[in-house]
Amino acid sequence: MRGFTDKMAEEKSKYTKRADGRKFDELRKVEAKVGIIPEADGSAMYKSGDTIAIASVFGPRTLHPQHMQNPETGILRVNYDMMSFSVYERKRPGPNRRSQEISKVTEWALAPCVDLSEFPNSVVDVFIEIPQADAGTRVAGINAAAMALAHAGIPMKELASAVAVGKLDKTIVVDLSKEEEDFEEGEGATDIPVCFLSRSKKLSLLQLDGKISTEELNKAIELGKKACEEINKIQTKALKEIKE
Ligand code: ADP
């Protein structure tokens with residue numbers, strides 16, 4: 001519930017209304033679909049506004065090169081890539097520092113969900129492609145990947161749901177669009193991608209790009225948690241709709 005101090009902060013903020021008319025705690029229009037790549041062991045699509053993420057899962061399969069194998073457990077390996085035509089200005093094809101960072105944090109966000117102890121020396125590969133980007137691609141990728149892992153029948157302890165919360169001047173909002181991410185007035189935009197796990201309720205991703213007070217960060221995490229609960233319901237519904 002929004003308190004008196006929240007209202008005071010929002011009144012003083014230079015960001016008083018969302019460009020697309022959403023409420024501050026409202027997600028963009030979401031679409032989720034499971035089983036979109038027949039050749040993959042598991043696959044899913046997650047769309048939030050104009051951001052689209054596709055994930056496909058292959059494995060568990062023997063990990064090569066052999067020296068990377070873990071005889072105790074299988075491992076998760078994530079590859080995130082934004083397609084060249086996903087943004088207005090053509091993005092150079094192939095991996096870059098940003099995609100490597102996003103692949104790693106996505107791997108860490110998803111790893112607590114899976115139990116690969118039955119698959120020593122193996123790897124589960126998760127490929128995330130972004131055909132269209134309008135901010136929040138890493139969180140859309142996580143949401144698609146979590147569904148794709150479940151679709152592949154990988155033993156899972158829980159599901160992961162992620163959203164980007166933001167602070168626009170002094171206002172905390174959920175699921176930033178690119179236009180919002182580029183907001184420069186007052187204190188500007190702070191982007192905070194978060195990922196919550198469905199059963200343990202733990203945070204498996206928290207990144208922060210910008211400035212924020214402890215009080216504001218706590219509020220952002222709280223809003224993110226509620227949004228992730230909503231996303232979890234959408235993912236679960238999409239998983240139940242699988243026909244095969
Ligand atoms: P996220 O997509 O998770 O929010 P970033 O904050 O790094 O990750 O990127 C924000 C947005 O900036 C992306 O969703 C995309 O719309 C845009 N963007 C990222 N990289 C590029 C690029 N190389 N060229 C043009 N736009 C980009």
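This section describes the ligand site, the open and enclosed spaces, and selected backbone features of a predicted model.

The ligand is surrounded by 13 residues, and those that come nearest are R98, A135, G136, T137 and R138. Classified by residue type, this shell comprises seven charged, four nonpolar and two polar residues. Two helices, α3 (residues 137-151) and α4 (residues 178-181), each contribute at least two residues to the shell.

Three side chains place polar atoms at short listed distances from ligand oxygen atoms. For T137, an N or O atom of the side chain is 2.5 Å from an oxygen atom of the ligand. For E181, the distance between a polar side-chain atom and a ligand oxygen atom is 3.2 Å. For K178, the corresponding separation from an oxygen atom of the ligand is 3.5 Å. On its own, the ligand has 540 Å² of accessible area, of which the protein covers 74%.

The space that the ligand takes is the largest pocket. The volume of this pocket is about 510 Å³. Its lining consists of 23 residues, with R98, A135, R138, E181 and D191 closest to the centre. Among these, R98, A135 and R138 are also listed with the residues that come nearest to the ligand, and E181 is the residue whose polar side-chain atom lies 3.2 Å from a ligand oxygen atom. Four elements give two or more residues to the pocket lining, namely the helices α2 (97-110), α3 and α4 and the strand β8 (189-197). The greatest contribution is that of β8, which supplies four residues. In terms of residue class, the pocket lining contains 10 nonpolar, eight charged and five polar residues.

Apart from the pocket, enclosed space was examined. The structure contains one cavity of 30 Å³ or more. The largest cavity has a volume of about 60 Å³. A set of 13 residues lines the largest cavity, and Y46, S48, V139, V163 and D175 lie nearest its centre. Two or more lining residues are provided by each of β2 (42-48), α3 and β6 (160-168). The lining of the largest cavity is made up of eight nonpolar, three polar and two charged residues. Helix α3 thus appears in two settings, since this helix supplies at least two residues of the shell around the ligand and is also among the elements that give two or more residues to the lining of the largest cavity.

Several backbone features were also identified. Two cis peptide bonds that precede proline are described here. One of these bonds joins G59 and P60, with an omega of about 5°. P60 belongs to strand β3, which spans residues 51-62. The other cis bond runs from H64 to P65, and its omega is near 0°. P65 is located in the loop between β3 and β4 (75-82). A further feature concerns N121, a residue other than glycine whose phi is positive, near 65°. N121 is placed in the loop between α2 and β5 (122-132).

Notes: Residues numbered from 1 in each chain as written. Predicted model: local features only at pLDDT ≥ 70, side-chain atom pairs only at ≥ 80, totals over all residues. Heavy atoms only, no water. Near = heavy atom within 4 Å. Polar contact = N/O pair within 3.5 Å; in protein donor to acceptor, adjacent residues only side chain to side chain. Areas by Shrake-Rupley, 256 points an atom, 1.4 Å probe, with all protein chains shown as cover. 1 Å grid on protein atoms, 1.4 Å probe; cavity = no way out; pocket = protein on both sides within 12 Å on 5 of 7 lines; lining within 4 Å. Sits in = over half its atoms within 2 Å of the grid points. Nonpolar A, V, L, I, M, F, W, Y, C, P; charged D, E, K, R; others polar. Points joined across faces, edges and corners; volume = space filled by probe spheres on them.
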